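User: I am new to this structure. Please take me through it in short questions and answers.

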2 protein chains.
Amino acid sequence: MALKTDFNDKQIQILEVAETLFAEKGFDGTSIRNISKVAKINIAMISYYFGSKERLLESLIVYRTSDLKYQLDNLLQEDLEPIEKINKLIELYINRINSNRGIYRILHFEFTSKKREQNLQAFSELKKGNLKSLESIIEEGQKKGVFRKDVIIPLITPTILGTFFHFHMNKPFFENLLNLKTEDLYNNYIKTNLTKHIQQTIKALLIYES
Amino acid sequence: MALKTDFNDKQIQILEVAETLFAEKGFDGTSIRNISKVAKINIAMISYYFGSKERLLESLIVYRTSDLKYQLDNLLQEDLEPIEKINKLIELYINRINSNRGIYRILHFEFTSKKREQNLQAFSELKKGNLKSLESIIEEGQKKGVFRKDVIIPLITPTILGTFFHFHMNKPFFENLLNLKTEDLYNNYIKTNLTKHIQQTIKALLIYES
DNA sequence: GTTTAAGTTAAACACTTGTTTAATTTTGTT
DNA sequence: AACAAAATTAAACAAGTGTTTAACTTAAAC
């Protein structure tokens, strides 16, 4: 069975249950019986539709990461000051990852070990594209003389995304520390304070002269 | 069997094999038969010494994270400018995590989900202590008037550690992108460029006035 | 040297794993 | 209504899971 990019209703139902469970308990921590029980389908349907558990994961990645590039390209062509573009890019990243936590958690967890390196190709292309977009914004700012020139551009993405992920992966700790008792409060903190912190950090890094 | 803090040679042998395998393939992806085979001991020895696979993980955390607090306290009492203390703290963090990648990868991966929240207590105390240390350095700098006052201190740790983790978890990607063909080149890049990037970022954040 | 405890072993336990089979039901087409 | 393709099912498969057992060996204590 070849890797498809369009899925029927039942397949989508399976994919979304798998997304939740993989994100919650990891790929190895989730059994196909577990998935089929929650999705209320027979175990055999997963092999029938996707071929195997591994292929189910691959399909899930395809299903969720296909339109990010489009959103980024749109941002690039907007008529904004470089720093405003950076701020918008950060907002786009955080918003997108935050409302697709499941899949990004899975990407973060499952696609780092050598074990699944074969499936890593498409993911790697996505990251390269994202980096190119960031590069073009920063180089524009450097030409205009508003950004310093001694920053290491490929390390800026780790700072943006890493800050978010580290915050989110220590969710129970920060919920407790910052008194974010409800899911709404937590989400709101991300959308305002955390996003602002990251924007403030990157802005300082790009503009400050020591 | 109570949770011990001192281990005999055979236990340490098991713990270190477990560390490697958990880091490589995750907790669920590693079987006790796998561990016992690599450690060249009988399967039953793991239950005999640690009680269960879960308790083995707990023991591993205890075994590896017991002396970080001591190192931090030492740094606090050194006679340095606040910004120098911050730089040293960043260096300490990165160095320590980088030379204990296994356990930190495990902490990062296994202790985030609700699933193992019970074992999270000791880890949470460690993080609170670390935050207190960072807070005291920054407040010192603010009193001296060299650090701005509108930074959100608890979000600085995510930026420091998150940047490192995100970089390291995308190791294959950055090895390729930055031409870090050998393990030595990779480690060297972390010790110099990545550490400098993080120091530069945090410095800019703490000092830059918009 | 005997007794007690600690260490070590292979085998068995009950249970879960991902995948496949073959039979049955549903759906769509003529 | 008859046929073929697709969807769905329960059951079986072999292999792997964490843990426990009971027998055995080694080491320590008296």
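User: Where in chain B is Lys85(B) placed, and is Lys85(B) buried or exposed?
Analyst: Lys85(B) is in helix 6 (residues 82-99) of chain B. Helices (H or I, at least four residues) and strands (E, at least two) are DSSP runs, numbered from the N terminus. Buried means under 20% relative accessible area, exposed over 50%, and partly exposed in between, with a 1.4 Å probe and protein chains only. The relative accessible area of Lys85(B) is 6%, so Lys85(B) is buried.

User: Which residues is Lys85(B) in contact with, leaving aside its neighbours within four places in sequence?
Analyst: A contact means heavy atoms within 4.5 Å. By that rule, and without the neighbours within four places, the partners of Lys85(B) are Leu75(B), Leu76(B), Glu78(B), Leu80(B), Ile137(B) and Glu140(B).

User: What kind of model is this, and how are its parts numbered?
Analyst: Residues are numbered from 1 along each chain as its sequence is written, chains are lettered from A and ligands numbered from 1 in the order in which they are written, and side-chain values use heavy atoms, with hydrogens and water left out. Local features need pLDDT of at least 70, side-chain atom pairs count only at pLDDT 80 or more, totals for chains, interfaces and linings use all residues, and the model is predicted.

User: How many helices and strands are there in chain A?
Analyst: From the N terminus on, the elements run α-α-α-α-α-α-α-α-α-α-α. The count for chain A is eleven helices and zero strands.

User: What share of the residues of chain A count as buried?
Analyst: The C-alpha atoms of chain A fill a box of roughly 60 × 40 × 30 Å along the principal axes. Chain A has 210 residues, and the share that count as buried is 54%.

User: What share of the contacts in chain A with a separation of 6 or more comes from residues 24 or more positions apart?
Analyst: The contacts taken here have a separation of 6 or more. Within that set, the share for residues 24 or more positions apart is 69%.

User: What turn lays chain A on chain B?
Analyst: Copies are superposed by least squares on the C-alpha atoms of residues with pLDDT of at least 70 in both. The RMSD is 0.2 Å, the shift along the axis is 0.0 Å, and the turn is 180°. The two copies are thus related as by a two-fold rotation axis. In chain A, the C-alpha nearest that axis lies 1.9 Å from it and belongs to Gly162(A).

User: Why do the copies meet through the same surface?
Analyst: Interface residues of chain A can be checked against those of chain B. The copies meet through the same surface because the share of chain A interface residues that are also interface residues in chain B is 98%.

User: How many aromatic pairs are found over all chains, and what are the angles for Phe22(B) with Phe27(B) and Phe167(B) with Tyr186(B)?
Analyst: Rings of Phe, Tyr and Trp (its six-membered ring) pair if their centres lie within 6.5 Å; planes under 30 degrees apart count as stacked, over 60 as edge-to-face and the rest as tilted. The whole structure has 18 aromatic pairs over all chains. Phe22(B) and Phe27(B) are tilted, 5.1 Å centre to centre, with 55° between the planes. Phe167(B) and Tyr186(B) have centres 5.8 Å apart and are stacked, because their planes are at 10°.

User: Which helices hold Phe167(B) and Tyr186(B)?
Analyst: This pair links distant parts of the chain, 19 residues apart. Phe167(B) is buried at 0% relative accessibility, and Tyr186(B) is buried at 0% too. Phe167(B) is in helix 9 (residues 156-169) of chain B, and Tyr186(B) is in helix 11 (residues 183-207).

User: Which residues of chain A do ring pairs link into a cluster?
Analyst: Here the links are ring pairs. The cluster consists of Phe167(A), Phe173(A), Phe174(A), Tyr186(A) and Tyr189(A).

User: What is the phi of Asn179(B)?
Analyst: Most residues other than glycine have a negative phi. Asn179(B) is in the loop between helix 10 (171-177) and helix 11 of chain B, and is partly exposed at 49% relative accessible area. Asn179(B) is not a glycine, yet its phi is positive, about 60°.
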